[in-house]
Amino acid sequence: MASTFDTLTEITSRVSSLRAATDIASFSDDELKTFMRLASAARQSMERVLAAGSAEINQRSRRELGGAGLAKASGHVNPQSLIASLTGATKSDARKIDHLGKSLMQASPIQFPSVDESGESIPLDPDSGPIARPWFGVITDRTSAGEITPDRYEALRSGLGESSEIVPADALAAAAERLLELLHAEDAPERVYRDAQQARAFLDRAGVLEREKQKQARQQAKMWTDRDGLVHLRATFAPEDGAWFTNTLNLLLGPRIGGPRLVSGAAAERAASIETDPRTTDQIRADLLVSLVKAGALVDESTLLTQKRPSVQVIVTASEIVRSEKDGVGFIEGTGIPISTATIDRLVCDAGYVTIIHNDDGSPLNLGRGARLFSPTQRVMIAGLQGGCTVATCDAPPSFCEIHHITPWIEGGKTDVLDGIMLCRHHHMQLHNFGHRIKRIDAEPGAPGAAVRRYEDSYFWVPAPTPGQLDPPPVQLRFRGVAHNNACAPGLAAADRLSSTRPVSAPRKSARPSFVPVRSTVLPST
């Protein structure tokens, strides 16, 4: 016991003196990044240690122990309060430690004895059999082993939710296993949570519509005027309206906030005027809101919105849109937010749809080399499948992305969909300016796993060599469009993969900014 306390005391002392003994300013860029990664790994390890302690606090504070439980005997209403007091953590941090600790306790194979009214232990029933592990046992084990961070654990568990009659524990456990296989080394907890929510949507289809209604009910806008006459606006939008609202402003502000560079004509003039505007971005956004409200339905799209109408893509596979139960699930492009069949049908009726045809590994059909730049149809296809900037740490939506040729055009590269990768302006410029590159590593025919390798698993960012690292390892890119959404779903049977020869067509024009659903059809491989 003393050695445990001595070790923790020594670790605390050494970490406390690390800042004073280390000249961080002298680090090279690579050394600074390594320092941050190692310091973060130490923090995460300590969070796991705290979770183990929290698990024991929860065990000793079980409800049946009443006032004799550790937390209440120490003057606290619950274990979380005791943890916050002992660690000096905020309520939010204490809640996270407590939650993980409870999970460790619940996933433990140890059966804790109950107590009677006098506080005496009730012997365990030897015939009661082993305790059934909760569905989240698999992610708890991976967290305890240091394979995933506590933040990712929390994102997975909260995103998948609790088991129910509709979503049994074994289905959640299988979804957790699938998501762990898809986990990218650089996935932020927010992205892990979205993936988990997508997987839950496929398991609880009726719940998608119910959650849509709940979010719509939370939509509101509050306005008030302060004593100086300034009018304040605070608004909360449901995902559908919020996506249109955000994309409308992003379209207008694009050049100022990282939108695509490759524009011409009137759009180029508009982009230049926005970039050189002396107003702050927030001031421009406020003025645009006023202009949009004043113009309303009579807005001159060619003047205010340049060459494009604001739109939001909705991604839905053909197998989802034709489900006889009318419980198909689609996703708002760029956000991964699930939407119901009722919403999909309404949007398709309003705006039409574009069909994307791809193979059963998620890869698009090859449309050939037609021009130097990717066509609008090819761009829609790539955007639907990849979902935005493919750099793992970037959340830029498709509207903020340019399409990069894996093999440069001047070197004989093709303008084929399989050779196009979405990158935001920042990462596209970084790739070209610093000598990085992207390569596709296809599975060899006949190789183990070749038949099931997914489209998104083949693309890698290859960093430029540095003096200290002549052959840096490639980093797998991260897709978040339909190619990844489908991977979050339970495996589709061959009968669910629909063949289609419908040509790709342009969406119908409507009199107002609209959603453009993209239907994705899967062709079986031959």
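A nonpolar patch of about 500 Å² lies on the surface of this predicted model. Its members are Phe-5, Leu-8, Ile-11, Val-15, Met-46 and Val-49. Two helices, helix 1 (2-21) and helix 2 (29-60), each supply at least two of the patch residues. Helix 1 gives the most, with four residues. Val-49 belongs to helix 2. Its relative accessibility is 43%, so Val-49 counts as partly exposed, between the limits of 20% and 50%.

The patch is one part of the surface of the chain. The accessible surface of the whole chain comes to about 28,800 Å². Carbon and sulfur atoms account for 56% of that area. The chain has 526 residues, and 40% of them are buried. It holds 19 helices and 14 strands. Among contacts with a separation of 6 or more, 65% join residues 24 or more positions apart.

In soluble globular proteins, nonpolar side chains tend to be buried together. The largest nonpolar core in the model has 27 residues. Within this core, Cys-389, Ile-421, Leu-423 and Ile-438 touch the most other members. Helix 17 (376-386) supplies at least two residues of the core, as do strand 9 (401-405), strand 10 (420-424) and strand 12 (459-462). Another core, of 26 residues, lies apart from the largest one. Its members include Ile-139, Ala-175, Leu-179 and Ala-196.

Ile-421 illustrates the packing in the largest core. With residues up to four places away in sequence left out, Ile-421 touches Gln-386, Thr-390, Glu-402, Ile-403 and His-404, among others. Its contacts also include Ile-406, Ile-438, Tyr-459, Leu-477 and Phe-479.

Val-482 lies in helix 19 (residues 482-488). Its relative accessible area is 2%, under the 20% limit, so Val-482 is buried. Val-482 and Ala-383 are 99 residues apart along the chain, yet their C-alpha atoms are separated by 9.1 Å.

Helix 8 covers residues 169-182. Its 14 residues should span 20 Å at 1.5 Å a residue, and the end C-alpha atoms are 20 Å apart, so the two values agree. The buried residues of helix 8 are Leu-172, Ala-175, Ala-176, Arg-178, Leu-179, Leu-180 and Leu-182. Two of these residues, Ala-175 and Leu-179, are among the members of the core of 26 residues.

Helix 5 (residues 91-107) has 17 residues. From its first C-alpha to its last, helix 5 reaches 24 Å, close to the 24 Å expected at 1.5 Å a residue. The buried residues of helix 5 are Ala-94, Ile-97, Asp-98, Leu-100, Gly-101, Ser-103, Leu-104, Met-105 and Ala-107. These buried residues pack against helix 2, helix 4 (79-87), helix 6 and helix 7 (150-160).

Thr-140 shows the packing of helix 5 against helix 6 at the level of single residues. Thr-140 lies in helix 6 (residues 137-144). With a relative accessibility of 2%, under the 20% limit, Thr-140 counts as buried. Residues up to four places away in sequence aside, Thr-140 touches Ser-103, Leu-104, Ala-107 and Tyr-153. Of these, Ser-103, Leu-104 and Ala-107 are buried residues of helix 5.

Notes
Residues are numbered from 1 along each chain as its sequence is written. This is a predicted model: local features need pLDDT of at least 70, side-chain atom pairs count only at pLDDT 80 or more; totals for chains, interfaces and linings use all residues. Side-chain values use heavy atoms; hydrogens and water are left out. A nonpolar core is a set of buried Ala, Val, Leu, Ile, Met, Phe, Trp, Tyr and Cys residues joined through side-chain atoms within 4.5 Å. Buried means under 20% relative accessible area, exposed over 50%, partly exposed in between (1.4 Å probe, protein chains only). Contact means heavy atoms within 4.5 Å. Patches are made of residues with over 30% relative accessible area and no salt bridge: like charges are joined within 9 Å, nonpolar side chains (Val, Leu, Ile, Met, Phe, Trp, Tyr) within 5 Å. Accessible areas come from the Shrake-Rupley method with a 1.4 Å probe; for residues, only the protein chains shown count as cover. A salt bridge is a side-chain nitrogen of Lys or Arg within 4 Å of a carboxyl oxygen of Asp or Glu. The expected span of a helix is 1.5 Å times one less than its number of residues.
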